[in-house]
Amino acid sequence: MSIIVTKTPSDFVDYLTDPGLPVYDMNIPLKQYVCSAPQFGGNAEAAQVIGYANQKIYADESTRKKISSYTRNIGRLTTGQGYPDDFILLMEHMTDNMDKMRAAPELKNKEYFRNPTFDAEAILNKMVEKKVFGLDCIGFVSQYLVYAGVWKEYKTYYPADYRREFKPVKSITEVERLCLVIWDNYHIGIIDSIESYDEDRKEMLVNICQSSSGEAKGPQTNYGVTLRPLPGADYQGASKFKIIRSGSPAMPVPHPVYICKMPGLVYQDDLVPD
């Protein structure tokens with residue numbers, strides 16, 4: 001049974017970053033990597049600011065409802081794994097209550113609040129820069145699968161857990177658009193398109209989408225990445241591939257990967273005519 005998607009990973013990157021999330025009459029590019037793991041920066045800024053907006057400022061004064069009552073899962077926003085619609089709801093809530101946010105004793109000295117020349121758009125963009133808002137690698141891949149209609153909701157998978165639904169390929173000739181690219185159990189991306197395959201060199205030129213922090217920050221498409229089989233290397237039985245060229249902007253994580261694909265998952269333009 002085929003699972004046909006009409007949106008590519010790069011479509012999702014563009015939705016998030018170019019022009020960015022639609023917040024009232026503004027667009028806020030989500031060009032930031034945010035991760036709850038302390039070794040990758042933690043989420044103290046996100047937890048503090050988002051926590052204040054939710055706990056101290058009611059979205060509806062008459063019912064004393066918090067903005068979390070309207071989101072699918074506000075907690076995911078502080079871990080870099082939030083639903084895009086939840087980011088939008090929260091940013092609009094902050095915009096509606098910006099004076100209260102700016103006046104809060106625990107927040108007023110934040111760079112984005114203490115600058116009197118900043119309007120709401122400038123504040124929200126500076127919040128992205130300061131890691132109040134952003135996505136991590138798992139958040140990006142899982143939320144793409146929700147965005148594309150493959151999943152109905154976010155799944156709490158670590159990178160290696162995606163093998164419950166995406167099966168490792170054994171040969172580079174099995175690699176297709178929408179295959180996952182996984183670095184053992186610590187990082188994950190997804191193939192946006194296949195540019196070419198050199199059979200003599202056993203090299204494949206692909207474009208990969210992911211969220212990470214490197215030459216580009218947050219959700220990104222790395223164009224012109226070259227993959228080659230790495231004989232004798234594996235991760236829990238999955239064949240590994242070497243990244244020969246890291247593309248542009250450069251792939252932030254250069255180590256060998258294994259590649260998995262979901263049976264039946266296909267982009268509409270890749271359907272073989274009857």
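How far apart are the mean positions of the positive and negative charges of the protein chain? The model is predicted. In it, the 31 positive charges and the 35 negative charges have mean positions that lie 7 Å apart.

The protein chain is built from seven helices and 11 strands. Its C-alpha atoms fill a box of roughly 65 × 35 × 30 Å along the principal axes. The radius of gyration is 20 Å, and a compact globule of 274 residues would have a value near 19 Å, which agrees. Of the 274 residues, 50% count as buried. The accessible surface comes to about 12700 Å². Carbon and sulfur atoms account for 47% of that surface. Contacts also link remote parts of the sequence. Among contacts with a separation of 6 or more, 60% are between residues 24 or more positions apart.

Helix α7 can be followed residue by residue. This helix spans residues 137–147. Is α7 mostly covered or mostly uncovered? Helix α7 is mostly covered, with 10 of its 11 residues buried. The buried set begins with Cys-137, Ile-138, Gly-139, Phe-140 and Val-141. Ser-142, Gln-143, Tyr-144, Leu-145 and Val-146 complete the set. The N-terminal end of α7 is capped by Asp-136. A side-chain oxygen of Asp-136 lies 3.3 Å from the backbone nitrogen of Ile-138. Just after the helix comes Gly-149, with a positive phi of about 90°.

Two residues of α7 show what surrounds the helix. Cys-137 is placed in α7. Its relative accessibility is 5%, so Cys-137 counts as buried, the cut-off being under 20%. Which residues does Cys-137 touch, not counting those up to four places away in sequence? They are Tyr-33, Tyr-186, His-187, Ile-188 and Ser-211. Pro-219 is 82 residues from Cys-137 in sequence. In space, the C-alpha atoms of Cys-137 and Pro-219 are 8.3 Å apart.

Gln-143 also belongs to helix α7. The relative accessible area of Gln-143 is 1%, so this residue is buried. Which backbone oxygen lies 3.3 Å from a polar atom of the Gln-143 side chain? That oxygen belongs to Gly-82. Gly-82 is also among the contacts of Gln-143, once neighbours within four places in sequence are left aside. The other residues in contact with Gln-143 are Phe-12, Gln-81, Tyr-83, Pro-84 and Tyr-154.

The loop between α2 and α3 offers residues with more open surroundings by their accessible areas. Ser-69 is found in this loop, between α2 (44–55) and α3 (84–96). With a relative accessible area of 46%, Ser-69 is partly exposed. Ser-69 and Glu-203 are 134 residues apart in sequence. Their C-alpha atoms are 50 Å apart in space. Arg-64 has its place in the loop between α2 and α3 as well. Is Arg-64 buried or exposed? Arg-64 is exposed, because its relative accessible area is 53% and exposed means over 50%.

Backbone geometry was examined next. Most residues other than glycine have a negative phi, and most peptide bonds are trans. Arg-64 is not a glycine, yet its phi is positive, at about 55°. Asp-184 is not a glycine either, and its phi is positive, at about 45°. The loop that holds Asp-184 runs between β5 (180–183) and β6 (187–198). At 22% relative accessibility, Asp-184 counts as partly exposed.

Which peptide bond is cis with omega near 15°? It is the bond from Asp-18 to Pro-19. Pro-19 lies in the loop between α1 (9–17) and β2 (21–23). A cis peptide bond also joins Ser-248 and Pro-249, with omega of about -10°. Pro-249 is found in the loop between β9 (238–248) and β10 (257–261).

Definitions and conventions
Residues are numbered from 1 along each chain as its sequence is written. This is a predicted model: local features need pLDDT of at least 70, side-chain atom pairs count only at pLDDT 80 or more; totals for chains, interfaces and linings use all residues. Side-chain values use heavy atoms; hydrogens and water are left out. Helices (H or I, at least four residues) and strands (E, at least two) are DSSP runs, numbered from the N terminus. The radius of gyration is taken over C-alpha atoms; the globule rule is 2.2 Å times the number of residues to the power 0.38. Buried means under 20% relative accessible area, exposed over 50%, partly exposed in between (1.4 Å probe, protein chains only). Contact means heavy atoms within 4.5 Å. Accessible areas come from the Shrake-Rupley method with a 1.4 Å probe; for residues, only the protein chains shown count as cover. Lys and Arg count as positive and Asp and Glu as negative; His and the chain ends are not counted. The place of a charge is taken as NZ of Lys, CZ of Arg, CG of Asp or CD of Glu. A polar contact is a pair of N or O atoms within 3.5 Å; within protein, one must be able to donate a hydrogen and the other to accept it, and residues adjacent in sequence count only if both atoms are side-chain atoms.
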